[in-house]
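Visitor: I should like to examine a model and ask on what grounds its descriptions rest. Would you take me through the reasoning?

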Amino acid sequence: MRRAFSLIETCIAIALGSVIAGAALACLRAASSAIASANRLATENSCMRAGFTAALDEADFWQAVDRADDPTRQRLRGGDGVRWLPFAPFSLSFAPTESQIDGLPNRWTPTDPWPAHDPRYWFRGNLAEHTMSTDNRWGYYENFTHLEAAPDLGPGGSGIASPRHRWLFNQMEGLKNALGYYGLCEYLPANALYAVYGDRDSAVGWSHEWSAPTPQGIENNYLSQRGADCDLPRGDYVLTMYHLFALPVNASGAAALAETRHGLLTGRDSNSAHVAAFETHARWTERTLALRPAHWPDVRMSVARYVAHGRFTTQCAVRWLSPVTGDAVELSFTTLATSLRGARQQRVDPGDPSRDLDGGTYQP
Amino acid sequence: MIAPRWSRTARATRDGTVLILVAGVAAILAALAIAFLGRMREDAAESRMITREAQARIMLVAACSYLREASRLGYDDPATPTVHEEAFGWVDVRDGTDGPKTREDASSNAFPVGSVARCPMHLWTRTRFAISTAACANPIADESSPDFGRPYLRNPDPRPAVDNGWPGSVDAARWDDFARGDPRPRPTSVGMAWFRVKRIASSRFVVACGGGGTEGWRDWNEVAAAGPDAIARFGHREVFDALRDDEPRLWYRVEWSPAVSDNMYQLLENRIHIDHYAWRAFNASQDFGDGRSQAMNRNPVGTIRWIQRLAGEPADW
Amino acid sequence: MVAGSGARSGHAAKRGFTLFEIAVSLAIAATAVTSVMLVFPAGMKSQTMARYQIYAAAKALELVDGYTAFHTANPAMDSEAPAPWMVSSTYGNLAPDLEHRLASFRFGLFPLPIDLARRIDSDGDEIQRILDDGAYLYYSQPLATTGFKETAVGAAPPNEAQRLVFAVVGHAQQNALTHFPWKNWPYYVPYPSPPAHGHGANEPGYSKPANRTPVAGMPSAFRARTVFLWEDLGCEDPDMRFVFDAADDTGTAYGYRDHLKTHDRASAERYCRAALWYLARKGFGAELDGITAGLTDWVGAPDQAGRRDQVRAMRFLAHAASCLTAYVPRGELDAGVALAPVAFVGAPATAIAMRNVVITSANIAAYHDTCLDFAMRFASRHPYDWLVPRPLNRQTMMDFPLLQWDLFTAPLSGTIPHTAIRAEQWRPIAADTDTLSRSIGRGFQFMNLDVPSTDPAWPSGAGGAPFWGDPSRFTLAEPFAPSERCRQLVFWAVDWQAWEDFETAPSAPVDAGRYPLSAPFLAATGFASLMERFRFMDWQQFGYRNPEKTLAFTNPSVATAATGSDVAAFIAGNDNVAVHDRGATPVAMSVFSGRWGADRNANKRLDRGPVPRSQRLRASTVGRFNYYDLRVMGEIR
């Protein structure tokens with residue numbers, strides 16, 4: 001006769017089985033929760049890594065600013081014939097009609113190391129002369145160095161001068177017109193002094209675009225940014241102490257031209273509105289994953305390039321918005337990377353594939 | 001009555017059913033866990049690659065720093081112990097010829113164009129001329145001290161990492177130890193980073209940066225050509241190749257310049273007064289009105305003029 | 001045979017679960033469940049650690065970039081004094097090591113309070129060993145390295161990277177001296193220019209020789225602090241005094257100062273005659289007659305003193321002659337302006353007789369070129385000759401001499417001003433100590449003192465002992481392997497902001513070198529007056545102040561404020577709004593030292609974490625990064 005389970009055996013078995021099942025269920029629940037969290041973390045980490053890598057790639061290859069293989073994404077290659085954008089080839093942007101100055105080629109020479117011993121690189125203006133308040137009692141140094149070959153110094157300066165040294169100022173002026181202010185700082189050596197004699201308004205005195213001061217705390221469209229008591233020639237430290245020069249990345253055409261000749265206030269007299277303006281002008285932001293599942297975080301990579309306090313900065317940021325928690329998290333950092341000159345050397349001159357944008361041998 | 005064969009089999013099977021079920025469930029859980037761990041491990045490995053890439057990029061900064069320092073430092077002739085020779089730049093500041101040269105003699109160029117320097121980077125147990133790692137040689141006293149808040153610069157700063165007798169009688173008993181250091185590599189720093197520079201023009205260099213353990217050797221052939229000591233570092237070609245495959249390598253081109261950031265700021269009398277040749281004060285305490293001084297920028301080794309990341313491995317580095 | 005009922009019952013009994021089976025099953029299930037329960041959180045931890053590795057990689061990149069890229073300027077500091085312990089320009093705050101460079105409110109590296117750091121455990125107790133060696137653990141502020149004014153940047157999104165703490169492992173090599181406190185060389189002037197003069201306090205018999213008077217006629221708004229001629233003393237050439245300011249026996253003034261005041265053609269010509277006198281005094285001038293192109297080598301074969309003379313002579317002549325271009329019509333200048341010899345009251349005889357000289361516009365251009373050539377030639381070749389200012393027109397690496405301390409010779413000693421506290425600092429040595437010791441001259445701010453001086457009022461030498469250290473211990477120029485410079489950034493992850501006192505814990509001890517202390521001045525009434533002398537300006541002083549300055553709490557009441565309360569009004573912030581840490585008052589000194597804590601998560605609220613201060617936390621090692629630690633200061637680009 002078959003014997004069935006007794007009641008007590010059944011109860012015990014059911015109880016113990018329930019314990020086992022409950023434990024397994026709890027385990028599975030914990031495991032699935034942990035898996036979900038871990039997967040979410042893993043997804044976020046993967047997105048973060050993608051953003052981080054994308055930011056570093058952008059820092060080195062500048063593709064967001066100028067896509068070498070896509071003419072529709074070369075926003076910074078134009079110009080108005082006088083002023084150009086930072087990725088215009090020098091064959092267009094630095095091709096003055098005067099081909100020789102001081103017996104030297106009046107164009108950018110890519111292989112020139114600007115050696116310190118060579119007199120053509122020495123600054124010959126009067127470093128103690130103010131832009132706006134000089135009576136030239138120490139003389140007209142325009143006689144020694146000038147943009148023009150025969151500047152008319154007027155009755156005070158005794159008419160037409162014959163300066164012997166024009167090459168440096170023409171290099172500086174040419175770079176400024178070709179690249180804008182950020183590019184100018186990039187291309188000139190660290191000890192450059194930012195002033196030239198002569199401009200479109202007058203042959204006498206420092207060029208106003210280079211040296212004329214503006215009221216403190218106001219953004220403007222000059223290289224020089226400080227108040228009226230600071231209009232001596234200056235180097236890159238004080239040039240970019242209160243304002244910085246940034247590479248504009250969100251504008252094009254005339255707007256971009258204007259932005260490349262504009263200082264952004266981010267130093268002592270700045271406020272949150274100024275910083276917001278910087279973000280608008282200088283920060284390129286793009287989604288790292290254009291097509292993504294809805295439950296994945298929205299990751300955006302951004303890069304901004306600027307020179308402030310004489311420091312060239314490539315600032316990267318990776319920001320993501322969690323669709324689950326709503327948290328916004330940002331990872332920002334700076335890194336040493338390809339400079340503007342390096343980026344231009346990575347790109348071929350459309351008019352001569354054997355040359356880069358600077359006119360040097362193309363070596364990517 | 002003897003139970004039929006089928007019921008005897010069923011009975012035997014039933015005896016182990018629970019164990020089988022539980023073992024099965026456990027196996028499922030184990031498989032899930034292994035798969036999960038495997039995925040996490042892959043993710044961790046990818047993060048390690050990020051770390052190594054960052055390490056490689058830090059080696060770009062290292063290479064640039066090395067190029068700057070080597071433009072002037074590292075050429076002391078031990079035969080002249082009281083005069084310490086220094087160079088005048090990769091492009092000699094004196095005459096524009098290729099340096100680094102300590103004398104105005106072109107033949108004395110210590111690192112001509114085409115030269116290569118392979119630079120594995122690891123910590124020494126104690127480097128040469130090591131100084132103490134103490135962050136504060138003269139800590140400002142806290143409120144429990146009668147000197148609270150007073151910035152007294154009582155103690156010499158820095159102090160060597162070996163005992164020189166201070167605060168007692170200072171002498172040179174341990175100078176040799178200080179100068180020699182302890183070159184044994186710290187294990188937590190080995191096989192992580194290297195850079196390599198090749199001079200391609202007067203002031204231009206190709207820089208290779210690595211975040212792994214190949215120590216800057218291009219390939220196994222180069223290791224083999226360097227001799228048994230180099231081979232012994234890796235043992236076998238396969239080991240080297242595995243290290244090379246696992247490490248990120250980046251290549252850049254850079255140019256050095258002797259130019260340094262200017263000291264124009266607040267050097268000449270820039271305020272609206274007539275004597276613009278007058279110096280602003282060297283000490284802010286002796287300035288008037290503003291309480292400022294000259295900028296005091298410093299740089300005895302030059303700058304890097306530009307940097308270009310190369311799209312791929314160059315033919316020669 | 002039929003099985004008995006007992007046998008049938010035994011078979012039936014075997015069909016149920018035995019307790020043994022149940023027990024084994026439970027054990028297996030428990031093991032499986034427990035293992036899985038352990039594994040999955042470990043996976044989550046792995047992911048969290050992977051995230052921190054990304055943060056650490058980014059932070060390491062940023063630290064190393066900032067270390068080499070930030071400028072080295074501090075345009076509101078005192079760097080010159082009769083003794084090194086009187087100013088902080090030679091101390092750790094300005095050392096070119098990563099942790100010293102970046103530990104600044106502007107550069108973003110903040111020491112973790114010692115109270116907190118001492119509660120952190122780590123693998124191999126590495127953190128505690130680092131702290132035992134006197135080093136610090138650091139955290140960083142979000143967006144610190146942007147260079148933007150801190151209070152202009154809005155509150156950043158929560159930055160998990162703040163959970164990272166890091167330290168620098170490995171010794172730095174002994175660094176070059178960034179500043180030489182007795183004469184903070186290089187001194188720059190434009191070329192051409194008059195004899196160097198500049199602003200300083202009017203302290204005859206103290207920082208100025210008793211017979212050194214302010215240059216009258218300069219703008220007088222500055223009374224106590226005004227302009228003094230320096231270069232005749234500082235560069236050991238009294239002759240140039242007559243280029244700066246001279247008079248003939250009729251009382252007619254000559255020189256730079258006269259032209260500054262008078263600025264007409266006659267004063268320009270008189271200035272030129274003073275410069276020509278200087279040339280004759282130095283024994284040359286005929287070599288310049290009629291030159292229309294700049295000279296590209298020294299005149300003759302001058303010794304070192306002769307080269308100095310030629311550099312100065314051309315600098316003054318070019319400067320003076322250039323003035324003529326403002327007053328003499330071009331046609332007349334092309335033909336030439338005649339300048340007669342002159343003799344000055346009190347001036348020594350010239351080495352050669354002065355002659356009538358005619359200066360043309362072509363000559364002036366040639367003088368200008370020659371002036372620059374001589375200046376660059378000298379500056380490039382003679383970094384240890386400090387008797388000729390360097391050209392501002394072209395600033396290069398060779399303007400900066402290589403100097404360091406001798407750490408193995410008895411230090412210089414003296415007392416801290418206005419106290420009886422003994423102070424010591426090492427003796428200096430240079431790459432060419434011999435040349436430097438013979439051509440150092442005097443500093444500008446304390447121009448009554450030779451360098452070195454044995455004047456007992458200014459003890460820069462220890463009782464007759466040599467000033468200089470042992471030149472054989474100069475190591476900066478030694479051949480080196482890059483690995484000698486290698487140090488390591490080590491990152492850990494620990495939720496230090498979980499502690500209840502993470503914002504109220506006092507700052508890590510601040511080095512005295514970070515206080516912008518004034519050099520001694522005549523009217524000082526005590527040490528406190530040195531602490532209160534000049535302005536604190538955080539847009540000008542970067543190697544100074546408590547690194548947590550902009551976050552520091554300014555009021556002790558913060559410690560008793562409710563958690564979460566708005567403490568924006570009690571945060572030090574930027575100096576253009578208010579300065580809270582300057583001076584010798586107890587409050588100022590407390591703020592400077594960070595005694596009352598800081599808003600360490602930068603959210604302008606007082607936060608307290610849930611973890612009591614008695615509880616230790618364990619830090620997980622996240623990553624290590626080797627980097628190159630320079631021995632010299634300087635920006636990379």
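**Contacts and shape of chain B**

Guide: In the contact of chains A and B, 44 residues come from chain B and 46 residues from chain A. Please note that this is a predicted model.

Visitor: What makes a pair of residues count as a contact?

Guide: Their C-beta atoms, placed from the backbone, must lie within 7 Å. On the side of chain B that touches chain A, the elements giving two or more residues are α2 (17–70), β6 (249–257) and β7 (303–309) of chain B. The largest share, 12 residues, comes from α2(B).

Visitor: How do you know what the character of that side of chain B is?

Guide: Its residues divide into 22 nonpolar, 11 polar and 11 charged.

Visitor: How many residues does the contact between chains C and B take from each?

Guide: This contact takes 145 residues from chain C and 130 residues from chain B. Helix α2 (residues 19–69) of chain C gives the largest share of the side of chain C that touches chain B, namely 22 residues. That side comprises 77 nonpolar, 44 polar and 24 charged residues.

Visitor: How is the radius of gyration of chain B set against that of a compact globule?

Guide: A compact globule of 317 residues would have a radius of gyration near 20 Å, whereas chain B has 32 Å. The C-alpha atoms of chain B fill a box of roughly 130 × 65 × 55 Å along the principal axes.

Visitor: What makes a residue of chain B count as buried, and what percentage does so?

Guide: At least 20 other C-beta atoms must lie within 10 Å of its own; of the 317 residues of chain B, 50% count as buried.

Technical notes. Residues numbered from 1 in each chain as written. Chains lettered and ligands numbered in written order. Predicted model: local features only at pLDDT ≥ 70, side-chain atom pairs only at ≥ 80, totals over all residues. Contact = placed C-beta atoms within 7 Å. Helix = DSSP H or I, 4+ residues; strand = E, 2+ residues; numbered from the N terminus. Nonpolar A, V, L, I, M, F, W, Y, C, P; charged D, E, K, R; others polar. Rg over C-alpha atoms; globule rule 2.2 N^0.38 Å. Buried ≥ 20, exposed ≤ 12 C-beta atoms within 10 Å, placed from the backbone.
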